[in-house]
Amino acid sequence: RAVHALAASESRLAEDPAARFFAQRDAQFVLTAVKPEQYRRIGHPEVTFAGRSNVGKSSLINAVLRSSKLAKTSKSPGHTSTLNFFSLSSRACPGTVSLVDMPGYGYRSRHEWGRFITEYLSTRQE
């Protein structure tokens, strides 16, 4: 059974570029930012995780990165109050993707969160 499962896994890696990318990846924390000048020069495509407070955005990022410690998690809402950037690159496929953990909305005031997020989104070209 183990040999069959290994062969099936290798076959999937050969056929699926996304599977190859995630199988041989390097993930790391890049920076924490609160102002546009701190994140202007990232230069990679970005995948941004936004949503309500305390729904598991940081946990989802850790699952994608296959790490339990890169993105900080907490049981109390409002733990993430900055933009946190992580890079994900692969030895199997060229290129790097940045993952961005955003503060949740609902814990901060709507006006404060909206201004922060609008500023981020309006300055991104990736």
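K57 is a buried lysine (buried meaning under 20% relative accessible area with a 1.4 Å probe, counting protein chains only) that has no salt bridge. A salt bridge here would need a side-chain nitrogen of Lys or Arg within 4 Å of a carboxyl oxygen of Asp or Glu, and the nearest side chain of opposite charge, D101, is 5.8 Å away. For charge, Lys and Arg count as positive and Asp and Glu as negative, while His and the chain ends are not counted. Before going on, please note that this is a predicted model, in which local features need pLDDT of at least 70 and side-chain atom pairs count only at pLDDT 80 or more, whereas totals for chains, interfaces and linings use all residues. Residues are numbered from 1 along each chain as its sequence is written, and side-chain values use heavy atoms, with hydrogens and water left out.

Where does K57 sit? Its place is in helix α4, residues 57-65; helices (H or I, at least four residues) and strands (E, at least two) are DSSP runs numbered from the N terminus. Not counting residues up to four places away in sequence, K57 touches F49, A50, G51, R52, D101, M102, P103 and G104, where contact means heavy atoms within 4.5 Å.

Some of those partners lead us to the strands. Strand β2 (residues 46-49) runs parallel to strand β4 (residues 96-101), joined by 4 bridges; two strands pair if DSSP finds at least two bridges between them. In this pair, T48 stands opposite V100. Strand β3 (residues 83-90) is antiparallel to β4, with 6 bridges, and here F85 stands opposite V100.

Both F85 and V100 belong to the largest nonpolar core, which has 12 residues in all and also includes L31, W113 and Y120. Such a core is a set of buried Ala, Val, Leu, Ile, Met, Phe, Trp, Tyr and Cys residues joined through side-chain atoms within 4.5 Å. β1 (25-33), β3 and α5 (110-123) each supply at least two residues of this core, and α5 gives the largest share, 4 residues. A second, separate core of 7 residues includes I61, F86, L88 and L99. In soluble globular proteins, nonpolar side chains tend to be buried together.

Stepping back, the chain has 5 helices and 4 strands, in the order α-α-β-α-β-α-β-β-α from the N terminus. Of its 126 residues, 32% count as buried. Among contacts in the chain with a separation of 6 or more, 63% are between residues 24 or more positions apart.

Methods:
Buried < 20%, exposed > 50% of the residue type's maximum accessible area, 1.4 Å probe, protein only.
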